[in-house]
Amino acid sequence: MTLPAVDLSVRLGRLALPNPILVASGTFGYAREMKGFVDLARLGGVIPKTITARPRGGNAPWRTIETAAGMLNSIGLDNDGIEAFVAHHLPYLGGIGAPLIVSIAGHDYDEFVAMCRRLDGLPGIAALELNISCPNVSGGVDFGVDPAMCEKVVAGARRACSLPIIAKLTPNVADIASIARAAEAAGADAVSAINTCLGMAVNWRKRRPLLGNIMGGLSGPAIKPIALRAVYQIARAVRTPVIGIGGIATIDDVMEFLVAGATAIQLGTVNFYQPTASITILDQLPAAIADLGARSAMEVVGTLDTKNTPPAHCPAGAATANTCKP
Ligand SMILES: Cc1cc2nc3c(=O)[nH]c(=O)nc-3n(C[C@H](O)[C@H](O)[C@H](O)COP(=O)(O)O)c2cc1C
């Protein structure tokens, strides 16, 4: 059976991407590590591990713990710093054939702005993602929990460089829509949501926390409903495009996020246990979009019908599992 042609391209403010399947920061290394599994050039975008102004050793071990349907991490932004990134990783990343979105975290406003200036104009970078949402470092996360600070740092980043700016939001707030509104007011091209949910794990026999940093970020399928809710709330609150992240592992997950209001998505934890997931999903995407009677990814975005839930034709219990077909 031949499928009708489906246009997978998406637009997020000034950023045009060939398709909506991106890979999330901290879960795909610097892409080199994944090239044996994934045809990198096919991806909608690659976001390498967040870089900081100076090298960081990260947090004390343990740094990762498996949980029910997910994992906790407290890596602590372990990276070699922006200059090592520019010298050693950017030349490779700039040539992989997929749009490169560089994730940065400043310790304070001035550091964010200085990093934007440093990266502006360097070849191979399609956009910057401001990591204002890492739960594992002190300092930078403040920008993601306070609307005024979020607005200030996004506006500063926009002034400091000509690249499209994405603000990555934390779910660890009472009202994520208010942070998204602040990012929009400052001119963000897109917001991405969510970073990890703050959590912890305990060995009760030793009366010790399992993570060296005591608390860490929960990710994976366990957080998908939280992420979906966040994307839905943000998409209703702002016109700025949303990139959905959180527990996405299958084509059904991707379609749920698009329908709920995401213009693109990022795959995170799934890359660890199913490193080929991005390509599998990409191969399935045209048929899933066509299934909705659409000819493009953009047509599907934000088409959730909240007036008619669950759909009348679904037998009881089927409406939540994507098993319900008319
Ligand atoms: C081990 C690990 C490291 C991460 N490092 C970063 C990072 O450096 N920068 C960042 O913005 N997000 C980082 N994240 C968060 C992911 O990019 C993503 O937002 C989060 O895990 C939720 O998506 P998921 O449930 O699909 O993993 C990390 C996540 C994990 C599991």
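Me: By class, how many nonpolar, polar and charged residues make up the shell around the ligand?

Reply: In this predicted model, the shell around the ligand is made of 14 polar residues, seven nonpolar ones and two charged ones.

Me: How many residues surround the ligand in total, and which are the closest?

Reply: A residue belongs to these surroundings if one of its heavy atoms lies within 4 Å of the ligand. Here 23 residues surround the ligand, and the closest are S25, T50, G220, G247 and T269.

Me: Which atoms of the ligand lie beside polar atoms of S25, K49 and T50?

Reply: A polar contact is a pair of N or O atoms within 3.5 Å. For S25, a polar backbone atom is 2.7 Å from an oxygen atom of the ligand, while K49 places a polar side-chain atom 2.9 Å from an oxygen atom of the ligand. With T50, a polar side-chain atom lies 2.6 Å from a nitrogen atom of the ligand. On its own the ligand has 610 Å² of accessible area, and the protein covers 97% of that area.

Me: Where does the ligand sit?

Reply: The ligand sits in the second largest pocket.

Me: How many salt bridges does a search of the whole structure find, and what does the one between D78 and R63 tie together?

Reply: Side chains of opposite charge can pair when their charged atoms come close. Searching the whole structure gives seven salt bridges, including one in which the side chains of D78 and R63 meet at 3.0 Å, N to O. Because D78 lies in the loop between β7 (70-73) and α1 (82-93), and R63 in the loop between β5 (51-52) and β6 (64-67), this pair ties together parts that are 15 residues apart in sequence.

Definitions and conventions. Residues are numbered from 1 along each chain as its sequence is written. This is a predicted model: local features need pLDDT of at least 70, side-chain atom pairs count only at pLDDT 80 or more; totals for chains, interfaces and linings use all residues. Side-chain values use heavy atoms; hydrogens and water are left out. A polar contact is a pair of N or O atoms within 3.5 Å; within protein, one must be able to donate a hydrogen and the other to accept it, and residues adjacent in sequence count only if both atoms are side-chain atoms. Accessible areas come from the Shrake-Rupley method with a 1.4 Å probe; for residues, only the protein chains shown count as cover. On a 1 Å grid over the protein atoms alone, a cavity is a set of points where a 1.4 Å probe fits but cannot get out, and a pocket is an open set with protein on both sides within 12 Å along at least five of seven lines; lining residues have an atom within 4 Å of a point. A molecule sits in a cavity or pocket if more than half of its atoms lie within 2 Å of its grid points. Ala, Val, Leu, Ile, Met, Phe, Trp, Tyr, Cys and Pro count as nonpolar, Asp, Glu, Lys and Arg as charged, and the others, Gly among them, as polar. A salt bridge is a side-chain nitrogen of Lys or Arg within 4 Å of a carboxyl oxygen of Asp or Glu. Helices (H or I, at least four residues) and strands (E, at least two) are DSSP runs, numbered from the N terminus.
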